[in-house]
Amino acid sequence: MHVVDLRSDTVTKPSAAMRAFMMEAEVGDDGYGEDPSVAELERRVGDLVGFEAGLFVASGTMGNQVALRSLTQPGDPVIVAARAHLLQFEAGASAKNAGIQLLSVEDSRGYPDPNQVRDLVRQYRRIHNPVRLIAVENTHMPSGGVPIGSEAMASLVEAADGTPIYIDGARLWNASVALGAEPAVLCRGAVAVSTCLSKGLAAPMGSVISGSAEFIQRARVERARLGGRLRQAGLMAAGGIFALEHHRPRLAEDHRRAQLLASRIRTQLSPTVADIPEVFTNIVLVAVENPDRSVQALAERGVLCNVLPAGQLRLVTHADLDDEAIELAASRIVASL
Ligand SMILES: *Cc1c(COP(=O)(O)O)cnc(C)c1O
């Protein structure tokens, strides 16, 4: 049976062209700052997101943790969206690695509610324990991959009243394509951003955090403290360079296929059976009566997907799917739910 894997955009495998490019990468010991491919990747990402320096890290989670450790002190309050990756999907890493206190706020529009942000910033100043950082996830996965535009960012900057903003931009590339906005425009008002190479861009591994040279200097130390100092990492960084060049423009295909999948299911199943909220990027959420049973039934028919903490099915489109795979998945989903 041909299995259609919609669990995540991380399941892609490097193409033959990407592998060939990686094999040719110039490398060196990045622990000594001597890997030209890593340096090139960090520079290219920095140019795209509008920051002067960057740091290649093993994963999106490591990017978040290194950034938090570099931008906060233990005990600091940090505001996050209630359903943020930082809060829900990192096994409590922020508490263990950075010792910070997360303050979660309402995120139905995909970003921390600015009114709640403004209130919390004021409250914590009054008690002399100021909020140290505000984290924004762009796109915001649990609300259906909502891209956060520059107007929303501007309203957060205003509410933050000088408190620094960090962007967990694992899917910032998707946001940029969906909004038709340069990544750097979406990062305006933030002090740092983490972007992922192994999600929609389909490289085998890695994220890059970007910010000021001074921030990256601290981040380099924090990365070492987490055991993330890399050596001939240029082999992997080259996958990222290839992905930025060849796979970034094709994210629009993933978004089109997510719309296709949603519309096939919507036209054949009533919302009482499968309720699909608006699709913004490459993520399709489906509210069903019994999500755990549905995941099982779908797996038996050769469609793999995940269940979010709130109980919706999550279907993610990615580079290893074509229209045929989407049609196949849609027909199996309709037959199973
Ligand atoms: C996937 C993801 C991460 C973590 O990336 P890993 O490489 O899986 O550690 C962090 N933040 C967001 C928003 C993500 O989607």
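**Close-up 1. A bridge between V307 and L313 of β12.** V307 has L313 as its bridge partner in β12. Strand β12 covers residues 313–316 and runs antiparallel to β11, with 2 bridges joining them. Step back and you get an open sheet of 3 strands, ordered β9-β12-β11 with antiparallel pairing. Its edge strands, pairing on one side only, are β9 (283–286) and β11 (306–307). Strands here are DSSP E runs of at least two residues, helices are H or I runs of at least four, and both are numbered from the N terminus; two strands pair if DSSP finds at least two bridges between them.

This is a predicted model, where local features need pLDDT of at least 70 and side-chain atom pairs pLDDT 80 or more, while totals for chains, interfaces and linings use all residues. Numbering starts from 1 along each chain as its sequence is written, and side-chain values use heavy atoms, leaving out hydrogens and water.

**Close-up 2. The shell around the ligand.** Look for S59, G60, T61, N64, H85, E90, E137, D168, A170, R171 and K199, counted when a heavy atom lies within 4 Å of the ligand. By type, that's 1 nonpolar, 5 polar and 5 charged (Asp, Glu, Lys and Arg are charged; Ala, Val, Leu, Ile, Met, Phe, Trp, Tyr, Cys and Pro are nonpolar; the others, Gly among them, are polar). Helix α3 (residues 60–71) chips in the most, with 3 residues.

**Close-up 3. Polar contacts to the ligand from T61, D168 and K199.** A polar contact is a pair of N or O atoms within 3.5 Å. T61 puts a polar side-chain atom 2.6 Å from a ligand oxygen, and K199 also has one 2.6 Å from a ligand oxygen. On D168, a side-chain N or O atom sits 2.7 Å from a ligand nitrogen. Alone, the ligand would expose 380 Å², and the protein buries 84% of that (Shrake-Rupley, 1.4 Å probe).

**Close-up 4. Two backbone oddities, at N138–T139 and A91.** Most residues other than glycine have a negative phi, and most peptide bonds are trans. The bond joining N138 and T139 is cis, with omega about -5°; T139 is in the loop between β5 (133–137) and α7 (150–160). A91, not a glycine, has a positive phi near 55° and belongs to the loop between α4 (85–88) and α5 (93–98).

Terms used. Polar contact = N/O pair within 3.5 Å; in protein donor to acceptor, adjacent residues only side chain to side chain.
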